[in-house]
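Work through the exercises below with the sequence and the structure open beside you. Try each task before reading its solution.

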Amino acid sequence: MTPDATALSARLLAWYDRERRELPWRAPPGVAADPYAVWISEVMLQQTTVAAVTPYFQAFLARWPRLQDLAAADLDEVLHAWQGLGYYSRARNLHACARLLVAEHEGRFPAAEDDLRALPGIGAYTAAAIAAIAFGQQAAPVDGNVIRVIARLYALDEPLPRARQRIESLAKALTPARRPGDFAQALMDLGATVCAPRQPRCPACPWHQACAARAQGQAEAFPVRPPATIKPLRLGVAFWLVRSDGAVLLRRRPERGLLGGMMEVPSTPWRTEPWPLAEALALAPVAGVSWQPLPGLVSHTFTHFTLELAVVAARVGVPAADAGVWIRPRDFAAQALPSVMKKVVRLAQAAPVTGRKRPAR
DNA sequence: AAGTCGTGGTC
DNA sequence: TGACCAAGACT
């Protein structure tokens, strides 16, 4: 480290010792972090806020306190515990990683960054985070916070993602040999609480004096991002099919791809062109029933497209085989339903199938 | 290497 | 209200 880097990292660590946040996965000062807890938290925190992760993390560790417990769980249980958190491949990779470690690594995490990086669901960021936080290695995890802080500190005008290499080497150069895990968390805390994307609180920043972007009065202008691409709109028609006993037809999505392995209300494919009703109904899970369009639309924005689902509903007596599984709405809680499908359920239940009065009771 | 992969909060 | 964005990984 250069003298500058030494002074900067010392100042940040002093700030961290003062302002450190208590988080459920964070070990008390001086206590070694549990690699298992660090791993779970870091995977959950991928592209996900602390507020969203916290209840999931606590439920996860209460249910599967050790790596061996998670490895012994069924994938379905893990997916269910993950429902609502998004990026569901994380749950499958988490489960696969637990089983791999138990089967082939004596149930222990490797301490080396490279070995961690080779595990399913652990990329460059998470490998560095575990190595630094759980094993005290001089690794430098680079997440969105670190990118922002470093880009501002040095007023890097090279746009992302090209600037990433430079940011990684600058972050590494700032990382001290002592307390690298605390330094990494300090950098991320700084980005989360002070060096925020909008309206950074520069006067409260321990790097205030050194910050080049701040000196230009342009902190918010960094990092430089390429213009965002517009999200296309995709359309579909969902089939809300109610059996005479009240159970609703659901099906499991393919293992890979969008919402992989999660449950869904059956629907047409999601495409750019509108669906004429007759064309959509030709793809219904059962034929010969009377489909009734429900008022309203389900709108849901994914990372790279917006989805609008119309919903048609019908009652059926004898269902076709192989169409899916019949679940009573009261048992939906036990299903791994992604948020977009919960919206479909909400819409369908707000507008029950008419044409037949529900039995008064 | 650019596209794919969720969701909820924020302004 | 819609666009941005969050402790990224995988292909």
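The exercises go from the whole chain to its domains, its strands, two helices, one buried residue and the DNA. The model is predicted.

**Exercise 1. The whole chain**

Task: Describe the make-up and dimensions of chain A, and state what share of its residues is buried.

Solution. Step 1: Count the elements; chain A has 14 helices and 7 strands. Step 2: Take the box along the principal axes, which for the C-alpha atoms of chain A comes to roughly 80 × 50 × 35 Å. Step 3: Chain A has 361 residues, of which 35% count as buried. Step 4: Turn to the contacts between residues at least 6 apart in sequence; 68% of these join residues at least 24 apart.

**Exercise 2. Two domains**

Task: Find the domains of chain A and describe where they touch.

Solution. Step 1: The assignment divides chain A into domain 1 (3-221) and domain 2 (233-350). Step 2: Over C-alpha atoms, the centres of domain 1 and domain 2 are separated by 37 Å. Step 3: Domain 1 gives 7 residues to the contact, and domain 2 gives 8 residues. Step 4: On the side of domain 1, helix H5 (75-82) and helix H6 (89-104) are the elements that give two or more residues. Step 5: Sorted by class, this side of domain 1 has 2 nonpolar, 4 polar and 1 charged residues.

**Exercise 3. The partners of E6**

Task: Strand E6 (306-316) pairs with E1, E4 and E5; give the sense of each pairing, parallel or antiparallel.

Solution. Step 1: E1 and E6 run parallel and are joined by 11 bridges. Within E6, Ala313 stands opposite Trp240. Step 2: Strand E4 (residues 292-293) pairs with E6 over 2 bridges in the antiparallel sense. Here Pro293 has Val312 of E6 opposite. Step 3: E5 and E6 run antiparallel, with 4 bridges between them. Thr301 has Thr306 in E6 as its bridge partner. Step 4: Look at the link between E5 and E6; they form a hairpin with 4 residues between them.

**Exercise 4. Two helices compared with expectation**

Task: Check the lengths of H14 and H3, then find what their buried residues pack against.

Solution. Step 1: H14 has 12 residues, which at 1.5 Å a residue should span 16 Å; its end C-alpha atoms are 16 Å apart, so the two agree. Step 2: The buried residues of H14 are Val340, Met341, Lys343, Val344, Val345, Leu347 and Ala348. Step 3: Their cover includes strand E1 (233-243), strand E3 (263-264), strand E5 (298-301) and strand E6 (306-316).

Step 4: H3, with 14 residues, reaches 20 Å from its first C-alpha to its last, close to the expected 20 Å. Step 5: Val53, Phe57 and Phe60 are the buried residues of H3. Step 6: Recall that an α-helix has 3.6 residues a turn, so residues three or four places apart point the same way. Step 7: The buried residues of H3 pack against helix H2 (35-44) and H5.

**Exercise 5. One residue in E2**

Task: Is Leu250 buried or exposed?

Solution. Step 1: Locate Leu250 in strand E2 (residues 248-252). Step 2: Count its C-beta neighbours inside 10 Å; there are 20, so Leu250 counts as buried. Step 3: Leave aside neighbours within four places in sequence; Leu250 is then in contact with Met263, Glu264, Val265, Gly324, Val325, Ile327 and Gln335. Step 4: Compare sequence with space for Phe332, which is 82 residues from Leu250 in sequence and 9.8 Å from it, C-alpha to C-alpha.

**Exercise 6. The two DNA strands**

Task: Describe the residues around DNA strand B and DNA strand C.

Solution. Step 1: DNA strand B is surrounded by 19 residues, and the closest are Gly86, Gly257, Thr303, Pro338 and Ser339. Step 2: Helix H3 (50-63) and helix H14 (339-350) are the elements that give two or more residues to this surface. Step 3: By class, the surface near DNA strand B has 9 nonpolar, 9 polar and 1 charged residues.

Step 4: DNA strand C is surrounded by 29 residues, with Gly123, Thr126, Asp143, Gly144 and Ala228 the closest. Step 5: At least two residues each come from helix H8 (124-135), helix H9 (144-153) and helix H11 (180-193). H11 supplies the largest share, 5 residues. Step 6: By class, the surface near DNA strand C has 12 nonpolar, 12 polar and 5 charged residues.

Key. Residues are numbered from 1 along each chain as its sequence is written. Chains are lettered from A and ligands numbered from 1 in the order in which they are written. This is a predicted model: local features need pLDDT of at least 70, side-chain atom pairs count only at pLDDT 80 or more; totals for chains, interfaces and linings use all residues. A residue is near a molecule or strand if its C-beta atom, placed from the backbone, lies within 6 Å of it. Ala, Val, Leu, Ile, Met, Phe, Trp, Tyr, Cys and Pro count as nonpolar, Asp, Glu, Lys and Arg as charged, and the others, Gly among them, as polar. The expected span of a helix is 1.5 Å times one less than its number of residues. A residue is buried if 20 or more other C-beta atoms lie within 10 Å of its own, exposed if 12 or fewer, and partly exposed in between; C-beta atoms are placed from the backbone. Two strands pair if DSSP finds at least two bridges between them. Domain bounds come from an automatic or database domain assignment.
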